[in-house]
Amino acid sequence: SLHTLLKVAQRRMDELGVEAAKIQVQIDELRAKQGGILAREKQEISAAAGNTMFASMLPAYRMRVKQQVAEVEREVNARDAVLLDIRDKLQEAYVEKSKFEQLIEQESKRVANERAAREQAMLDEVAINRAGASGK
């Protein structure tokens, strides 16, 4: 029935919303990880300023940090792509749900109109019968 299809469409939207939220949490965690890497890099640069042995290793460390940040950025971009796909699916599911809601509304109006027409026909028949009975 249309109501069942509407429930299925709503459930699909709910599932996609949960999935999108999970992906967004992952993106936020990756951004926090990226911030942590950069903060640690600043601390290491400060620590290396007073130590010549650390200062000599700093370029290699900074290169590694740059690679880590780039890797996290790739992961974020991959999750962003998944999130965009989910949002597209969510939009499609919303359109589908709206169609079912419109069909249910149209069906309700049709049923109400048919009921009103039947009731009017019965009232007309009663009126005709009374008019015929009083005309005798």
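Lys and Arg count as positive and Asp and Glu as negative, with His and the chain ends not counted. The place of a charge is NZ of Lys, CZ of Arg, CG of Asp or CD of Glu. This is a predicted model, in which local features need pLDDT of at least 70, side-chain atom pairs count only at pLDDT 80 or more, and totals for chains, interfaces and linings use all residues. Residues are numbered from 1 along each chain as its sequence is written, and side-chain values use heavy atoms, without hydrogens and water.

**Exercise 1. Work out the charge layout of the protein chain.**

Step 1: count 23 positive and 22 negative side chains. Step 2: compare the centres of the two sets, which lie 2 Å apart.

**Exercise 2. Describe the fold and its spread.**

Step 1: the protein chain has two helices and zero strands (DSSP runs numbered from the N terminus; helices are H or I, at least four residues, and strands are E, at least two). Step 2: the radius of gyration, over C-alpha atoms, is 34 Å, well over the 14 Å that the globule rule (2.2 Å times the number of residues to the power 0.38) gives for 136 residues, so the chain is more spread out than a compact globule. Step 3: along the principal axes, the C-alpha atoms fill a box of roughly 125 × 20 × 15 Å.

**Exercise 3. Find what α1 buries, and against what.**

Step 1: helix α1 spans residues 2-49. Step 2: its buried residues (under 20% relative accessible area, 1.4 Å probe, protein chains only) include Leu6, Met13, Ile23, Gln34 and Glu41. Step 3: the buried residues of α1 pack against α2 (52-134), with contact meaning heavy atoms within 4.5 Å. Step 4: across the protein chain, buried residues make up 18% of the 136 residues.

Definitions and conventions. Buried means under 20% relative accessible area, exposed over 50%, partly exposed in between (1.4 Å probe, protein chains only). The expected span of a helix is 1.5 Å times one less than its number of residues.
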